[in-house]
Structure formats: C-alpha cells, structure tokens
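Q: Please take one part of this predicted model and look at it closely, beginning with how contacts are spread along the sequence and then working down to individual residues. I would like a single connected account, with the reasoning shown wherever a classification depends on a cut-off.

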Amino acid sequence: MLESFPDAASALARARAIMRDLADWSTDPWPQLEPISTAEQYAYALRTFGTARMVADRDPVVVFPFLDELVRRDAIAFDAEQPKSWLTADLRLCPDLWPLPEGVTLSLNTTLPFGTADSEPEDDATEEELDRMVSVLGPLSLDVSWDCGWRGLSDSKNCGLQLCLNSVWVEQHAELSPGQFGVWITLGTRVTWTPEGEAWRRDSGLRLGEEQQG
C-alpha cells in the first residue's frame, strides 16, 4: 500500500480497518518475530526483556569458546534435549555480548509477550496478544499475516493481508527495514492477474503500489 505510517500501532490499526471494511472473514493473526540482528535491537532487548532464546551451531572453533564464556558468566541454561546439529538455550543477556559470533542467533519469540518456552513458530495469536506484542516492539521486526475472504472475489485461496513492522515485504519474505511499517494485500494466484482481481483493486479504494510476485 502507498501509505506511510508513523509507528507500528498505526500500521496495525490500518490493517485491521482494511479487513473490517473489505473482508467477509479473517483468521487469527500469525505473528513472526524476526531474530535480533542489529546492535540497536540487542540493546533494546537487554534493556527491556533481559532474556532471549539462543540457537547456536555446533562449531567447535567459533561457537564453543563463546558458549564457554556464557557458562562462565552463569548466563546460559541449556534445554534438556538438544538437536544433533545445533544447540538451543535460554540466555540471560549481558551488556558486552554483541556482536554475536557467526553461527549464533538470538530471538525473543519465546519471551513474553511474544511467546513462552513452549511456543512454536506456527502458533497463531489472539488480537489481544498481538496488541501486547506491538506495544513493546520498539526496534524489533515483526511480520503478521491473516488469511482473508475478500468481499466480492469468487475465490479466497491464498488471499490475505501481511503487516510488516520495521521491515518490508519482498518476494515471499520480509526484509529488515528499521522505521518502516507497511501493509500488503494478497488476492491469491487464482485471482490476482484476472479482470476480477483488477476490478477488485480498482473498486477497493486502497492506494496500492506496484503488483508483486509472491
């Protein structure tokens, strides 16, 4: 959409308004919090949450010395069961751990309000849970999708709405873009390139950008 939003809450409100006005139905939101990837995000996580879920390659040269240092600081608690190719752990964030070595990623997707220790990547959320996520998002990157039945279309397969917070949607995935908040409309492959889809876009009243594959 060719709209500029000043913050995450404004973009979320616009996404909900579009579904309310133009959709017969929509599913629960599916939020995907992106891993911490910048110094600003790490500083915010350290200041606001304090703990994160770490995933690390089993690399004895690069990763193991870093893990040894975390254990020495009593900053890490490994889960009981570990995959063979990587390690997962709950990490108490420390001021001087950034930048992370290659092969180590951190995410807050198991930290409240984004999730719990039992959360899975495919879990949906309620709208109330999404509100809490957005209220503490800061510089973190969150992508949210809803499946929708757009009013006036004969087919709703793969129709939906994508909300990108501190990111932008490129072909089939989101890309980090601090300070940008966008709403993306999907009409589904059966309708998008048809006269029906063209008519829906024209009649929707939405200020849409260029069409995009994916």
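A: In this predicted model, of the contacts in the protein chain that join residues at least 6 apart in sequence, 66% are between residues at least 24 apart. The chain in which these contacts are made has 214 residues, 42% of which are buried, and its C-alpha atoms fill a box of roughly 65 × 35 × 30 Å along the principal axes. Five helices and nine strands are present, and in sequence order they give the pattern α-β-β-α-β-α-β-β-β-α-β-β-β-α.

The part to examine closely is Ile36 and what surrounds it. Ile36 sits in the loop that runs between β2 (30-33) and α2 (39-48). Despite that loop position, Ile36 counts as buried, because its relative accessibility is 7% and the limit for that class is under 20%. Setting aside neighbours within four places in sequence, the contacts of Ile36 are with Gln41, Tyr42 and Ala45, with Trp98, Leu106 and Leu108, and with Leu140. A further distance can be given for this loop residue: the C-alpha atoms of Ile36 and Pro139 are 9.6 Å from each other, although 103 residues separate the two along the chain.

One of these contact partners, Trp98, leads to a feature of the backbone. Trp98 is joined to Pro99 by a cis peptide bond, with omega at about 5°, and Pro99 belongs to the loop between β5 (86-92) and β6 (104-107). A cis bond is also found between Leu112 and Pro113, where omega is near 5°; Pro113 is placed in the loop between β6 and α4.

The aromatic residues can be taken next. The structure holds four aromatic pairs, and one of them is formed by Tyr44 and Phe49, whose ring centres are 6.0 Å apart and whose planes are at 80° to each other. That pair is edge-to-face, because the class requires planes over 60 degrees apart. Tyr44 counts as buried, with a relative accessibility of 13%, and Phe49 is likewise buried, with a relative accessible area of 17%. Through ring pairs, Tyr44 and Phe49 are linked with Phe114 into a cluster.

From Pro113, in the loop between β6 and α4, the path leads on to the packing of α4 itself. The axis of α4 (residues 127-135) comes within 10 Å of the axis of α1 (residues 8-22), and the two cross at roughly 155°. The two helices are therefore roughly antiparallel, since the angle has to be over 145 degrees for that description. The crossing of α1 past α4 is right-handed. On the side of α1 the contact is made by Ala8, Ala9, Leu12 and Arg16, and on the side of α4 by Glu127, Leu130, Asp131 and Val134. Sorted by class, this contact has five nonpolar residues and three charged ones, with no polar residue.

Two residues deserve notice for their backbone angles. Asp74, in the loop between α3 (63-72) and β4 (76-78), has a positive phi of about 60° without being a glycine. Asn166, which is found in strand β8 (residues 160-170), also has a positive phi, near 60°, and is a residue other than glycine. Their surroundings fall into opposite classes: Asp74 counts as exposed at 60% relative accessibility, whereas Asn166 counts as buried at 4%.

Finally, Leu187 offers a second loop residue to set beside Ile36. Leu187 is in the loop between β9 (173-186) and α5 (195-203), and at 5% relative accessibility it counts as buried. Apart from neighbours within four places in sequence, Leu187 is in contact with Trp150, Leu153, Lys157, Asn158 and Cys159, and also with Thr192, Gly197, Trp200 and Arg201. The C-alpha atoms of Leu187 and Glu122, which are 65 residues apart along the chain, are separated by 22 Å. Ile36 and Pro139, by comparison, have a C-alpha separation of 9.6 Å. To return to the part examined, Ile36 is a loop residue that counts as buried, and Trp98, at one end of a cis peptide bond, is among the residues that Ile36 contacts.

Technical notes. Residues numbered from 1 in each chain as written. Predicted model: local features only at pLDDT ≥ 70, side-chain atom pairs only at ≥ 80, totals over all residues. Heavy atoms only, no water. Axes fitted to C-alpha atoms, helices over the stretch in contact; angles between N-to-C directions. Helix = DSSP H or I, 4+ residues; strand = E, 2+ residues; numbered from the N terminus. Parallel < 35°, antiparallel > 145°, perpendicular 65-115°, else oblique. Left-handed = near helix turned anticlockwise from the far one by under 90°. Contact = heavy atoms within 4.5 Å. Nonpolar A, V, L, I, M, F, W, Y, C, P; charged D, E, K, R; others polar. Phe/Tyr/Trp six-rings, centres within 6.5 Å; stacked < 30°, edge-to-face > 60°. Buried < 20%, exposed > 50% of the residue type's maximum accessible area, 1.4 Å probe, protein only.
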